[in-house]
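I opened a fresh page for this one. The plan is to look things up one at a time and write down what I find.

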Amino acid sequence: MIKRLIPASILLTLVLAPAFRAGQQRQLDVPYVPTKYPVVDEMLKMADIQKSDLVYDLGCGDGRLVIGAAQKYGARGIGYDIDPERIKESLENAQKAGVANLVKFYEQDLFTADFHEASVMTLYLLTSVNLKLRPKMLKELKPGTRIVSHNFGMGEWRPDQSSTVMIDDISHEVYLWIIPANVSGTWAWTAGKPEVKGEMDVQQVFQQITPTFKIDGRAAAAREVSLKGDHLRFVLDLPLRGGTAPAAFEAKVGGQSLTGTVTLQDGGRDVVWEWKAQRRPGTQKPIDSDADKYGPRFGLKAPAKIIY
Ligand SMILES: C[S@@+](CC[C@H](N)C(=O)[O-])C[C@H]1O[C@@H](n2cnc3c(N)ncnc32)[C@H](O)[C@@H]1O
């Protein structure tokens, strides 16, 4: 038997047209469609929720995502919804689930919420709404914060991970993004004894980075480059005793400095050096400024009924 697979994003499109509730002043940016529980489970799993997390659900509906995170993982949560009916349901559901001490719900427009404290953000909105939120997320969320979205993407910002949950022949996509630290610009660095001096120039679009290096004035190429949150890694061949040695660089990004280690083999022994880098003033760039070079353009002001 051939099964027809219907993406759940299409179903949300079909219910989009009248997004007003009776007597309501402000139009909903997204209608109320709850995320099904198997998808809730997958979103929380993909976000790797820990007890120490503070989970924000923007447009929280009946509160199931933050309540689930509190029940299953002991995490704290905050839900925002503009619809008072949803907030009432969320508060009742939190009481019933016995997690009212861990979660809070606010009747508030999600665009006016302050994101700084969140360590996980859950979304079941629309691509147009995600795109409107994207600059605010990149500005306010700390590097390493996980964002999981049900069905809807972030335009040119490709997810770090994705999966599909099938429910009754309907496919639901789950996407994960990890807020990257901004490592763009030119960095001067030193490592080891005798000291090796280098320069690293980084082009960055979201979490994708392309670093180029100069060591003692000579160009060098890195491999195995990765940036996950504020954790930067790569392997670079370093000049050592007349030859070169592959060296694994690892560092934490902290504002305008990088602090970490370089691990390499010297004379058959593992050696770990300190690695410090400082960004040259004025070389940092916004990480979404070149985004349109890397994928399709999306209108930021698309009305809610146009999706994908
Ligand atoms: C598709 S539902 C998702 C509900 C819940 N997050 C879930 O996944 O089950 C979208 C929710 O966003 C809320 N919403 C729409 N526009 C909003 C806005 N501007 N501010 C806050 N909430 C909003 C709706 O009331 C609705 O509950």
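**Notes on a helix, a ligand and a sheet**

I began with α3, and I asked which elements its buried residues pack against. They pack against α2 (37-46), β2 (54-58), β3, α4 (84-97), β4 (103-107) and β5 (120-123). I keep in mind that this is a predicted model.

Next I looked up how covered α3 is. Eight of its ten residues are buried, so I noted the helix as mostly covered. The buried ones are Arg 64, Leu 65, Val 66, Ile 67, Gly 68, Ala 69, Ala 70 and Tyr 73. Just after α3 comes Gly 74, and I found its phi to be positive, near 75°.

**Ligand**

I then turned to the ligand and counted 22 residues around it. Thr 35, Gly 59, Gly 61, Ile 82 and Tyr 124 are the closest. Two elements give two or more residues to this shell, namely α3 (64-73) and β3 (76-81). By residue class, I get eleven nonpolar, four polar and seven charged in the shell.

**Helix pair**

Back to α3, this time with α2. I read a packing angle of about 65° for the two, and their axes are 10 Å apart. Their crossing is right-handed. From α2, the contact uses Val 40, Met 43 and Leu 44. From α3, it uses Arg 64, Leu 65, Gly 68, Ala 69, Lys 72 and Tyr 73. I sorted the residues of this contact into six nonpolar, one polar and two charged.

**Met 43**

I picked one residue of α2 to follow up, Met 43. Is Met 43 buried or exposed? I found 28 other C-beta atoms within 10 Å, and the cut-off for buried is 20 or more, so Met 43 is buried. I left aside its neighbours within four places in sequence and listed its contacts: Leu 65, Thr 122, Val 148, His 150 and Val 174. I also checked Tyr 175, which is 132 residues from Met 43 in sequence but 8.0 Å away in space, C-alpha to C-alpha.

**Sheet**

Last, I traced an open sheet of nine strands with antiparallel pairing. I wrote its order as β12-β11-β10-β9-β17-β16-β15-β14-β13. At the edges stand β12 (218-220) and β13 (222-228); each has a single partner strand, so one side of each has no neighbour in the sheet. On average, I get a turn of 30° between neighbouring strands, direction ignored.

I zoomed in on one pair. Strand β9 (residues 185-191) and strand β10 (residues 196-205) run antiparallel and are joined by seven bridges. For Thr 190, I found the bridge partner in β10 to be Lys 197.

Terms used:
Residues numbered from 1 in each chain as written. Predicted model: local features only at pLDDT ≥ 70, side-chain atom pairs only at ≥ 80, totals over all residues. Near = placed C-beta within 6 Å. Helix = DSSP H or I, 4+ residues; strand = E, 2+ residues; numbered from the N terminus. Nonpolar A, V, L, I, M, F, W, Y, C, P; charged D, E, K, R; others polar. Buried ≥ 20, exposed ≤ 12 C-beta atoms within 10 Å, placed from the backbone. Contact = placed C-beta atoms within 7 Å. Axes fitted to C-alpha atoms, helices over the stretch in contact; angles between N-to-C directions. Left-handed = near helix turned anticlockwise from the far one by under 90°. Pairing = 2+ DSSP bridges.
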